[in-house]
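Biologist: Before we discuss this model, could we look at the sequence and the structure together? I would then like to go through the contact between the chains and a few individual residues.

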There are 2 protein chains.
Amino acid sequence: MATKTNGESKVSIPRLLLGKPLATHDLPHQTVSKPIGLAIFASDALSSTAYATEEILLILALAGSGVAVLGLSIPIAIAIAVLLVIVTISYRQTIYAYPNGGGAYIVARDNLGEVAAQIAGAALLTDYILTVAVSVSSGIAQITSAFSWLLPFKVEIALAVIFIVTIINLRGVRESGSIFSIPTYFFLMMMFVTLGLGVYRYLTGTLPTVTEVEALQQETMTSLSLFLILRAFSSGCAALTGIEAISNGITAFKEPRSRNAATTLTWMSGLLVFLFLGITLLANRIHVIPSETETVISQIARTVYGNGTIPYLLTQIGTALILLMAANTSYAGFPRLAALAAGDGFLPRQLTYRGSRLVFSWGIVFLAIAASILVVVADARVTSLIPLYAVGVFLSFTISQIGMVIHSLKIGKLKPGEEHKGLETTIRYDPHWRIKMAVSAFGALCTGIVMIVFAVTKFTTGAWFVVVLIPALVLIFFRIHRHYKSVAQSLTLRGQPVKVAPRPVQTLILVDDVHRETIQMVNFAKSLGHPWRAIHVGVNPEKAQVLPEKWKEYIGEGEIEIIPSPYRALAGPLRDYLEDILEEHPDIFIHVIIGHLAMDSFWQQALHQNTAFVFNLALADLDHVMMTIVSYRIYDATAEARDEVSHAAEPGARTHRHQRILEKKKQQQSQSGETSKETENTSS
Amino acid sequence: MATKTNGESKVSIPRLLLGKPLATHDLPHQTVSKPIGLAIFASDALSSTAYATEEILLILALAGSGVAVLGLSIPIAIAIAVLLVIVTISYRQTIYAYPNGGGAYIVARDNLGEVAAQIAGAALLTDYILTVAVSVSSGIAQITSAFSWLLPFKVEIALAVIFIVTIINLRGVRESGSIFSIPTYFFLMMMFVTLGLGVYRYLTGTLPTVTEVEALQQETMTSLSLFLILRAFSSGCAALTGIEAISNGITAFKEPRSRNAATTLTWMSGLLVFLFLGITLLANRIHVIPSETETVISQIARTVYGNGTIPYLLTQIGTALILLMAANTSYAGFPRLAALAAGDGFLPRQLTYRGSRLVFSWGIVFLAIAASILVVVADARVTSLIPLYAVGVFLSFTISQIGMVIHSLKIGKLKPGEEHKGLETTIRYDPHWRIKMAVSAFGALCTGIVMIVFAVTKFTTGAWFVVVLIPALVLIFFRIHRHYKSVAQSLTLRGQPVKVAPRPVQTLILVDDVHRETIQMVNFAKSLGHPWRAIHVGVNPEKAQVLPEKWKEYIGEGEIEIIPSPYRALAGPLRDYLEDILEEHPDIFIHVIIGHLAMDSFWQQALHQNTAFVFNLALADLDHVMMTIVSYRIYDATAEARDEVSHAAEPGARTHRHQRILEKKKQQQSQSGETSKETENTSS
């Protein structure tokens with residue numbers, strides 16, 4: 001069996017790109033240590049420090065470029081850091097409560113019901129797409145900061161990067177590979193050195209300020225207002241994206257997994273706060289100039305190390321790499337969540353299908369297309385994407401924490417020592433449930449307020465799109481769900497039983513012309529042994545006129561009926577004909593036999609009308625009409641010659657099979673020749 | 001029958017755009033008088049005067065803008081006029097020799113064989129596409145000359161115009177409609193008045209010279225050379241495009257059609273020479289400034305009538321209209337020639353198919369797409385398209401005239417009074433065959449030389465594309481031809497006869513799950529009365545494990561076999577399984593029954609895997625394996641409600657039928673319910 005299935009592994013472009021298929025039992029079940037877990041799950045969160053400070057400064061710069069205005073970035077960053085701590089504490093609780101994975105979707109489904117779960121799902125799916133677009137765009141901005149001649153090609157580079165990441169993910173990425181931890185730790189190292197050296201040079205008075213940056217072109221200055229400050233705060237909140245990653249991936253940690261995951265989360269948040277505040281402070285010290293052509297990270301590194309130096313370039317490369325890793329995490333998260341929602345019947349079921357490399361291929365492809373469209377529309381500019389970003393993340397934070405409030409309430413209802421086994425997790429009595437509930441509620445309140453601030457302050461610059469999109473997606477999810485439920489109801493065998501009840505069969509051979517394939521069709525119809533006749537849709541009047549004669553000459557038995565088709569339609573007249581028969585004989589099966597010429601290649605196939613598929617589609621809604629496609633393979637003389645050559649060169653399984661078929665065909669032809677002679681003898 | 005077929009005429013977007021279907025016997029067979037024929041067939045040729053002079057001047061302007069240089073356009077135009085007279089005389093002979101239509105393709109096929117015919121075909125098809133692109137671009141240039149604020153939208157306007165012309169042609173245009181003659185005669189009138197008034201104002205000394213034109217921006221001046229003059233000549237030869245139109249359409253003329261067609265051709269050529277020389281002379285008199293923003297016609301009309309005057313605008317509109325008519329003629333010529341070549345087996349056979357409105361829909365759609373691509377690539381600039389244009393026309397002129405030389409030779413071989421009936425035409429002895437042959441040979445020589453001049457002088461600016469494209473097309477045409485021939489050989493019943501030889505049938509029911517549709521499939525399999533069993537491809541191991549039990553519980557008879565699929569492939573393992581059976585029993589038919597859930601809408605269908613079609617495609621190359629698709633229609637509750645409402649509002653045929661199916665389904669369900677009860681009673 002194994003060698004035969006390998007027969008399929010012909011060398012093709014998809015095969016070259018994706019590698020050979022993997023068996024179902026190959027699904028990985030490895031677990032990771034805390035340092036590796038940190039590296040894998042932290043890239044999304046930590047990488048956001050590459051643009052969060054910059055986005056705050058770009059908004060503040062609308063009111064001026066002085067220290068008094070841009071210096072506001074420091075209190076804003078501190079506020080964001082406080083929010084981060086609150087969310088972290090709240091998410092630690094979720095990790096302990098849902099040791100099998102506590103993403104917002106699962107927590108919402110378990111505690112708040114389908115609607116909340118689908119809202120969280122829509123929000124998260126949207127943000128996974130944005131994570132790819134933002135991270136790739138920012139990563140390329142880091143590179144173009146160092147190599148400005150690449151600037152005109154940033155969209156093309158972004159699309160190429162997305163394509164490559166997509167192919168890698170379609171091949172299947174072992175998340176547990178420790179190779180994944182290299183970019184994260186490399187980035188951390190570079191940032192520590194940069195920030196440390198920056199502080200050292202500042203203290204020794206040798207830190208210069210930024211020069212030679214093309215400042216942002218402002219058309220009109222707005223005055224500094226609370227609204228603008230809140231807008232800057234919203235932009236900076238992009239720093240919080242990705243901190244939910246660990247709660248989705250608890251099962252990937254070694255036991256005790258909840259504790260390990262929670263510790264990792266604390267570490268990650270600590271690093272995130274440190275980097276974010278450090279970058280913001282140093283950016284203010286060196287008087288970073290908000291710019292569209294050079295990132296804040298690049299300005300800091302350039303100021304600290306000097307223009308064009310090796311450590312400067314390493315910092316840029318390290319930052320670009322962790323951003324790439326962040327984009328890559330969405331390629332794990334999006335397809336997995338989409339498969340989860342599809343399994344619940346809210347997304348097309350195809351999303352649950354694991355491709356030949358065991359990955360959810362459809363989800364990966366959809367993510368790649370959607371992110372590519374975003375990159376093209378936003379011209380690979382992070383600033384254009386930020387208003388769309390993070391609304392979804394904060395919405396899912398809020399839903400998840402409200403879910404945890406309900407979860408705590410459930411625990412509160414238990415008696416001491418009582419246990420209740422749910423679908424997702426087991427709830428046990430906990431005397432601290434009130435405190436935990438308060439923490440979740442406070443977290444929900446904070447993130448909920450931020451979400452509203454975000455939606456309001458960014459509404460006109462892009463958040464409106466997400467505000468419209470998420471409800472629209474939820475609506476679509478529920479329509480899909482209703483459809484699947486209705487189909488399941490139509491098909492169920494529970495309730496009124498349907499028993500098998502055979503019917504008489506009337507065979508009809510749909511004939512286009514009289515040739516070798518027609519013989520095969522008549523052969524099959526006769527083999528079935530039910531009453532049969534041939535029919536022809538008379539699209540071409542001249543052809544329809546000569547057909548009965550041809551039938552008589554070459555087939556010599558049965559009759560052929562011409563169905564007139566004055567408007568040259570194929571399916572319509574046939575449908576009318578079949579309906580007339582069904583009306584007259586409602587208790588029979590009509591068995592329509594259609595011929596199909598099977599070619600060796602797509603292009604050859606495209607030269608034929610392939611009406612069998614048209615008929616199949618057009619008449620699929622007729623009950624009690626069964627359609628049989630009788631394929632007749634046309635062997636291309638050139639292809640056969642080619643096969644023989646490749647057979648000589650490499651005796652592969654496929655060639656072998658092709659050969660086998662050819663030989664069988666020859667045998668059968670000679671046999672059928674003999675049989676027909678016998679038949680002739682008998683009949684004569 | 002009529003009312004039933006009307007049942008298909010539901011109101012849809014295609015129906016609204018294209019109108020209701022036309023019956024095959026509606027094919028028009030009307031003929032036209034000479035004045036109408038002139039208007040119909042001359043638009044292509046006459047409209048080329050709108051850009052021919054301009055293209056000569058644009059090339060000459062590369063060497064300077066003085067009278068000494070631009071004045072060369074007059075001798076060049078005279079040379080082109082002489083060439084036109086030669087071609088006209090030669091084509092008159094063709095019209096008499098081929099009274100059933102003597103396009104280059106037919107003349108070449110009849111006298112020079114398949115290769116020459118296919119070269120002519122490729123050349124002509126290429127030029128039909130270019131005619132659309134050039135005419136539409138030039139027409140829009142006439143309009144933007146008057147309304148310069150439309151200039152930024154010229155590509156969008158061009159695409160919109162092509163789209164509208166395409167829709168009109170898909171609806172089907174009665175060429176014989178005399179409404180088609182209005183634009184031609186309107187254009188002729190406006191040009192006569194313009195040229196006449198121009199000459200009058202020149203003679204009375206009141207004709208000013210051109211002012212306020214944005215001159216062409218030249219980067220580097222080249223010196224005046226023979227090469228440049230030949231290049232200008234080549235550009236001006238665009239004036240000759242379209243004069244072959246009458247020889248294609250001889251059958252549209254009233255009897256004596258050859259004489260009427262020949263007279264019309266002479267008239268057309270006369271008008272063409274007059275207009276072309278008139279425009280060139282007047283352009284020189286008023287010192288036209290070669291420009292990218294204002295056409296020569298516009299500069300002449302503006303100078304003669306004054307800026308913004310009504311007659312000026314009428315001239316521009318008239319010119320744009322005849323250019324539109326010229327584009328429209330390609331919509332008749334391209335699909336007709338493509339259908340002719342497809343009928344000979346050199347193009348995909350689908351091109352011979354007449355759509356619901358009796359037009360060759362595929363050809364029209366292909367022409368529209370190709371012309372749109374050209375317009376976008378060339379940015380709707382006539383000057384960018386001209387180097388690609390006319391190479392094909394002159395190639396087909398040359399082939400056609402060489403064909404006529406052979407034709408004359410054939411006549412020369414006949415004895416006096418002898419007649420020979422060919423496929424395309426009847427040849428009769430003619431004492432003047434030597435003179436006619438000389439005329440054709442001289443014509444072929446002239447057009448052949450021009451073609452080479454054209455290809456050489458325009459090679460680097462675009463002609464290389466056509467020089468590469470035409471041989472490539474010819475190669476493709478012959479590959480298609482070989483394919484069709486090989487298929488016909490595989491299918492022919494001539495030679496060794498193949499007789500019907502029934503075989504035993506093994507029925508296999510391919511089961512995905514056990515539900516109502518499975519019952520239908522078992523029902524059909526049992527009705528056929530051949531040995532049957534169920535099979536299931538075990539993509540999902542958990543599902544495969546419970547399926548046999550489910551089968552036992554709900555079906556209760558027969559067995560189900562699980563085909564393992566470790567790599568989650570569907571078609572591969574099934575193919576192996578079928579091949580194993582065929583190996584063991586080479587003399588049977590395997591009849592595979594596959595289920596298909598038929599939904600009401602495309603979107604609903606897209607939510608399902610539709611594996612039946614996948615299997616059909618993947619296993620089409622297995623001989624002696626027949627696949628039956630058993631459709632099971634899922635009725636959407638919402639759709640039914642919608643149908644009932646629309647039924648109340650408008651009792652259309654389709655709704656009626658839908659209703660009938662629904663009622664029938666209900667009847668059958670209750671019937672099968674009864675039957676099943678009976679079966680139960682019998683079995684218990």
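Biologist: Which residue in β7(B) is the bridge partner of Met626(A)?

Modeller: This is a predicted model, in which local features need pLDDT of at least 70 and side-chain atom pairs count only at pLDDT 80 or more, while totals for chains, interfaces and linings use all residues, and side-chain values use heavy atoms, with hydrogens and water left out. Residues are numbered from 1 along each chain as its sequence is written, whereas chains are lettered from A and ligands numbered from 1 in the order in which they are written. Strand β7 (residues 625-633) of chain A and strand β7 (residues 625-633) of chain B run antiparallel and are joined by 5 bridges, where two strands pair if DSSP finds at least two bridges between them. In β7(B), Met626(A) has as its bridge partner Val630(B).

Biologist: How many helices and strands does chain A have?

Modeller: Helices (H or I, at least four residues) and strands (E, at least two) are DSSP runs, numbered from the N terminus. Counted in this way, chain A has 27 helices and 7 strands.

Biologist: How much area do chain A and chain B bury between them?

Modeller: The size of an interface is often given as the accessible area lost when the parts come together, and here that loss is taken with a 1.4 Å probe and summed over both parts. The contact, meaning heavy atoms within 4.5 Å, takes 102 residues from chain A and 104 residues from chain B. Of the area buried between the two chains, 57% is on carbon and sulfur atoms, and the total is about 10100 Å².

Biologist: Which residues in chain A lose the most area to chain B?

Modeller: The two chains contribute 102 residues (chain A) and 104 residues (chain B) to the contact. On the chain A side, three residues together account for 8% of what that side buries. They are Arg516(A), Arg568(A) and Leu607(A).

Biologist: Which helix of chain A gives the most to the side that touches chain B?

Modeller: Between chain A and chain B there are 25 residue pairs in polar contact, both residues being at pLDDT 80 or more; a polar contact is a pair of N or O atoms within 3.5 Å, where within protein one must be able to donate a hydrogen and the other to accept it, and residues adjacent in sequence count only if both atoms are side-chain atoms. The element that gives the most to this side of chain A does so with 10 residues, and it is helix α21 (residues 516-528).

Biologist: How many salt bridges are counted between chain A and chain B?

Modeller: A salt bridge is a side-chain nitrogen of Lys or Arg within 4 Å of a carboxyl oxygen of Asp or Glu, and a search of the whole structure finds 26 over all chains. The side chains of Arg633(B) and Asp621(A) meet in one at 3.8 Å, N to O. Between chain A and chain B the count is 2.

Biologist: Why does the pair of Asp621(B) and Arg633(A) join two chains?

Modeller: Asp621(B) and Arg633(A) are both buried, which is to say under 20% relative accessible area, with exposed meaning over 50% and partly exposed in between (1.4 Å probe, protein chains only). Their side chains meet in a salt bridge of 3.7 Å, N to O. The pair joins two chains because Asp621(B) lies in the loop between α25 (611-618) and β7 of chain B, and Arg633(A) in strand β7 of chain A.

Biologist: How many residues apart are Asp512(A) and Lys543(A)?

Modeller: Asp512(A) counts as exposed at 51% relative accessibility, whereas Lys543(A), at 27%, counts as partly exposed. The two form a salt bridge, with the closest N and O atoms 3.2 Å apart. This pair links distant parts of the chain, Asp512(A) being in the loop between β3 and α21 of chain A and Lys543(A) in helix α22 (residues 541-554) of chain A, and the residues apart number 31.

Biologist: Is Thr166(B) buried or exposed?

Modeller: Thr166(B) lies in helix α9 (residues 154-171) of chain B. Not counting residues up to four places away in sequence, Thr166(B) touches Tyr331(B), Ile364(B) and Ala368(B). Because its relative accessibility is 7%, Thr166(B) counts as buried.

Biologist: Leaving aside neighbours within four places in sequence, which residues is Pro504(A) in contact with?

Modeller: Pro504(A) is placed in the loop between α20 (459-491) and β3 (505-510) of chain A. Its C-alpha atom is separated by 32 Å from that of Val546(A), 42 residues apart along the chain. With those sequence neighbours left aside, Pro504(A) is in contact with Asp587(A), Ile588(A) and Phe589(A).
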